[in-house]
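Hi,

Here's the structure I promised to pass on. Have a look at it first, and then read my notes underneath.

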Amino acid sequence: MRPKELKTRIFLDGGDPGETRSIIDILGFLDGQTTNPTLISKNPEARKRIEQGKKFSEAEILSFYKDVVRTISSMIPEGSISVEVYADPASRAEEMLRQGHEMFSWIPNAHIKFPTSGEGLKAASRAVEDKLRVNMTLCFSQEQAAAVYAATRGAKVGDVFLSPFIGRLDDRGENGMDLIAHIITMYKKGDGHVEVLTASVRNMDHFLYALKLGSDIITAPYALLKEWGGRGLPVPDASYRYDAKGLKPIPYKEIDLSKNWQDYDIAHELTLKGMGRFSEDWNSLIG
Ligand code: E4P
């Protein structure tokens, strides 16, 4: 059962409905799920098919994704399910928006994931005008977070998530948790319409520190949520200290949130690299 001191919503990061069922049983609750093309490529049914040499057509893989998302949605009808558009570094906003509309129609509780790139932000600003809920993914900087805030101004609370990826920053020696702390601090100066969804969570320390920082949402992989459940769902108190283990600190930037989204420096090599990897994993299923 949800600990009463837990304010953060807990999502599962995965593409296998079997894991969703298991986590609901272990925790006694689940507030939502995030999916992405890599996670769908790891779905056991998809893997089995690929191992048998039976690749999907484009229509088949979309239909497979829709079925997975519908199954998960039926298990968490009150929660949110993030569904990610196909976006490689050459994808245009119009095409992302078209996919976003289609995916949003799959289930009643979708948030559509767009990359935090120029084209992704253009698509997202139009999507929120069209009343779609969005989850801006592959965020690696405070400037990108400010641009998401600006591009989605006017959306209501609950309709916009921002997913900063901490593990991938840690992977290259930077303290990803600093980014979460800084974005939460920066957003306190705003109107609260963007919720921080801590993503790319790799270990229990990431998870516990994100709880302590007051992240609105955390998405974590199956093994980590299972471990948290096994430990009795601990929620850290004021005495909790995060050990960055020598990772390079990311400095806080004073950023004005009132600019147009196009006026922020949103370029980040990990965003491009991430789009490349997601699209490769998706394309590996198609033949
Ligand atoms: C969730 O929304 C993200 O896609 C996911 O957490 C990425 O995690 P990774 O960096 O471990 O691939």
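Below is what turned up around the ligand, in the pockets and in the cavities.

One thing to keep in mind: this is a predicted model.

**The ligand**

Let's start with the ligand, which sits in the largest pocket. Its surroundings are made up of Asp13, Thr34, Asn36, Lys113, Phe165, Arg168, Ala199, Ser200, Arg202, Thr219 and Arg277. Sorted by class, that shell has five charged, four polar and two nonpolar residues.

Three side chains are worth a click if you want polar contacts to the ligand. Aspartate 13 has a polar side-chain atom 2.6 Å from a ligand oxygen. For lysine 113, an N or O atom of the side chain is 2.7 Å from an oxygen atom of the ligand, and arginine 168 likewise has a side-chain N or O atom 2.7 Å from a ligand oxygen. As for cover, the ligand on its own exposes 340 Å², and the protein buries 88% of that.

**The pockets**

The largest pocket holds about 420 Å³ of space. Its lining runs to 27 residues, and Asp13, Asn36, Leu39, Lys42 and Arg168 are the ones nearest the centre. So you'll meet Asp13 again here: a lining residue by the pocket centre, and a member of the ligand's shell too. Helices α2 (37-41) and α12 (269-283) each put at least two residues into this lining. The class split is 10 polar, nine nonpolar and eight charged.

The second largest pocket comes in at about 280 Å³. It is lined by 14 residues, with Phe140, Ser141, Gln142, Ile250 and Lys253 closest to its centre. Six of the lining residues are nonpolar, five charged and three polar.

**The cavities**

How many cavities of 30 Å³ or more does a search of the whole structure find? It finds two.

The largest cavity contains about 60 Å³ of space. Around it you'll find Pro37, Glu84, Val85, Tyr86, Ala87, Pro115, Leu138, Met275, Phe278 and Ser279. Eight of these lining residues are nonpolar, with one polar and one charged. Helix α12 is the top contributor, giving three residues; α12 also helps line the largest pocket.

The second largest cavity has about 30 Å³, and its walls are Leu62, Arg98, Gln99, Glu102, Met103 and Trp106. Helix α5 (residues 93-104) supplies the largest share, four residues. Here the classes are three nonpolar, two charged and one polar.

Cheers

Note on methods:
Residues numbered from 1 in each chain as written. Predicted model: local features only at pLDDT ≥ 70, side-chain atom pairs only at ≥ 80, totals over all residues. Heavy atoms only, no water. Near = heavy atom within 4 Å. Polar contact = N/O pair within 3.5 Å; in protein donor to acceptor, adjacent residues only side chain to side chain. Areas by Shrake-Rupley, 256 points an atom, 1.4 Å probe, with all protein chains shown as cover. 1 Å grid on protein atoms, 1.4 Å probe; cavity = no way out; pocket = protein on both sides within 12 Å on 5 of 7 lines; lining within 4 Å. Sits in = over half its atoms within 2 Å of the grid points. Nonpolar A, V, L, I, M, F, W, Y, C, P; charged D, E, K, R; others polar. Points joined across faces, edges and corners; volume = space filled by probe spheres on them.
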